[in-house]
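Q: I have a structure open and would like to go through it piece by piece. Can you help me read it?

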Amino acid sequence: MFGTKYLVEHEVHFACEPGFELQGSSTRLCQADGSWSGQEPRCTDKTRLIAELSACSSSPCQNGGTCVEGPGQHRCLCPPPWSGAACQHRTQTEPPAWSTTADPAFSRKPRCAQVEHAQQCRCEPGFHMSGTAAASLCQDVDECELYQAEGAPRLCAHACVNLPGSYRCACPTGYGLLGDGKSCEDIDECALSRDNCTRGTTCINTGGGFQCVSPECPQPGGNITYVKTSPFQCERNPCPMDSRSCHQAPKTISFHYLPLPSNLLTPTPLFRMATAAAPGRPGPDSLRFGIVGGNNRGHFVMQRSDRQTGELILVQSLKGPQTIQVDVDMSEYLDRTFQAKHLSKITLFVSAYEF
C-alpha cells in the first residue's frame, strides 16, 4: 500500500509483488462519509487463480494469512512472523545486525516488539520486509519504478523522485508544483518580473520560460510605408490616389504571441479576427479570411465563425519545443468592391511539455 495520509479526498494505492494479481481496487479514495471508495484489494497468485468458490470461502487462514485457491486445493500465504499450513505457528524472528554497507536512508532495521514470548517485527509505511525470517531487513519501496509499468496510475505529471519510504513529484525548470503534489503549472516570469528583457522590448511568457520581443514594421517599399502606432501594431500611411499596389497592401499589421503546450488536442481554435466599422461610416458587407504565410501552414485552417469573424484553428498537433509562424489576413469588401486588408502575424511558442 502506498500513501500515508488518510484524510478526505486523499488516495491510497495498491500493487502486488511480481507473480501476483491484484483483485479489487488499485486506488481507493477517502470519502466525505468516512468510507473508502472501491473494493478491498488483495494479491492472488496468478498461476492458481480460479473463478469458482473453493475451500477459501471458509477462511481457513489464520492471523492475517491470505488464502490462495488452486485446482482442488488451497494454500495460505502467511505474513511475518506466522508460518504453517494455516498460518497457525508464530516464527521467532530477530532483527538483522546493522550493515554498514546498507544505505541508512533506504534500508532500515525493522521495528520489533516482544509479544507473548515471541518477537514480532514490522516495517514503516513505504518499506517492505526482505531477507529470511531470521535476518529480515526493511527496504524502501521505489514507487517511481513500480508505477512506470504500462497501465499503472500516473503518480506525477513530469518526474518522480524516490524518497526513503515515499516519493515526491518534480517539475521542469520554469514550472511549479501545484497543491495536489503531482501537477505542474507554468511560472509567469513576465508577471513576476523575473525576466531580463531590455528597454524597448516586451516580455512574452512561454511554457517554462519567456521571450523578449520587439516587432518591427515592414521597411518602406515604393509608395508603401508604415508607422508603428503601438508596441504590437503598424498602420499604413495614406496612399497616393493612383497607387493600386499601395491600396492592396495591408492597412494594418498586428503582431500576436501565443504560448502552447506540446501535443495539444485538435481541433482547437487559436486566434480570432473581426471587423468593426468606424463611427459614421458604413462597414464592409463581405469579409474574406485566409492564411497567407508561415512555416507550418498545413497544421492550420482559417474559417468563418460568424458573419463578421474568422478563426484560426489548429488541426494537426504540434510537438515542442519549437516556434511556429503563421500569417492570416482579412479582406473587407463593400458592394463587391475591395476596401482594405488587415494582416495578423502570429507566433506560437510550443513548449516541450504537455502541461
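Q: How do the residues of the lining of the second largest pocket divide into nonpolar, polar and charged?
A: This is a predicted model. In it, the lining of the second largest pocket has 7 nonpolar, 9 polar and 7 charged residues.

Q: And which residues lie nearest the centre of that second largest pocket?
A: His10, Glu11, His13, Tyr167 and Asp180 lie nearest its centre, out of the 23 residues that line the pocket.

Q: How much space lies in it, the second largest pocket?
A: About 710 Å³. Empty space of this kind is found by rolling a probe the size of a water molecule over the atoms.

Q: Which strands each supply at least two residues of that lining?
A: Strand 1, residues 11-13, and strand 15, residues 166-170.

Q: OK, and which strand gives the most to the lining of the second largest pocket?
A: Strand 15 does, with 3 residues.

Q: New topic, disulfides. What is the count?
A: The count comes to 10 disulfides. A disulfide is a covalent bond between the sulfur atoms of two cysteines.

Q: Strand 15 came up before. Which disulfide has a cysteine in strand 15?
A: The one between Cys156 and Cys169, with an S to S distance of 2.0 Å. Cys169 is in strand 15, while Cys156 lies in the loop between helix 1 and strand 14, so the disulfide ties together parts that are 13 residues apart in sequence.

Q: Are Cys156 and Cys169 buried or exposed?
A: Buried, both Cys156 and Cys169.

Q: What about handedness, why is the disulfide of Cys156 and Cys169 left-handed or right-handed?
A: The torsion about its S-S bond is about -80 degrees, so the disulfide of Cys156 and Cys169 is left-handed.

Q: Helix 1 was mentioned too. Which cysteine sits in helix 1, and where is its partner?
A: A disulfide joins Cys144 to Cys160, S to S 2.0 Å. Cys144 is in helix 1 (residues 143-146) and Cys160 is in strand 14 (residues 159-163), so to speak of the chain, these are distant parts, 16 residues apart.Q: Are Cys144 and Cys160 buried or exposed?
A: Cys144 counts as buried, at 11% relative accessibility, because the cut-off for buried is under 20%. Cys160 has a relative accessible area of 30% and is partly exposed.

Q: Which way does the link of Cys239 and Cys246 turn?
A: That link is left-handed, with -75 degrees about the S-S bond. The sulfur atoms of Cys239 and Cys246 are 1.9 Å apart, and both residues are buried.

Q: Switching to sheets. In what order do the strands of the 6-stranded open sheet come?
A: The order is 20-21-22-28-27-24, and the pairing is mixed.

Q: Which strands stand at the edges?
A: Strand 20 (226-230) and strand 24 (286-294) do. Each has a single partner strand, so one side of each is left without a neighbour in the sheet.

Q: How do strands 20 and 21 run, parallel or antiparallel?
A: Antiparallel, with 4 bridges joining strand 20 to strand 21 (residues 233-236). One bridge pairs Val227 with Glu235 in strand 21.

Note on methods. Residues are numbered from 1 along each chain as its sequence is written. This is a predicted model: local features need pLDDT of at least 70, side-chain atom pairs count only at pLDDT 80 or more; totals for chains, interfaces and linings use all residues. Side-chain values use heavy atoms; hydrogens and water are left out. Two strands pair if DSSP finds at least two bridges between them. On a 1 Å grid over the protein atoms alone, a cavity is a set of points where a 1.4 Å probe fits but cannot get out, and a pocket is an open set with protein on both sides within 12 Å along at least five of seven lines; lining residues have an atom within 4 Å of a point. Grid points are joined across faces, edges and corners, and a volume is the space filled by probe spheres set on the points. Ala, Val, Leu, Ile, Met, Phe, Trp, Tyr, Cys and Pro count as nonpolar, Asp, Glu, Lys and Arg as charged, and the others, Gly among them, as polar. A disulfide is a pair of cysteine sulfur atoms within 2.5 Å. Buried means under 20% relative accessible area, exposed over 50%, partly exposed in between (1.4 Å probe, protein chains only).
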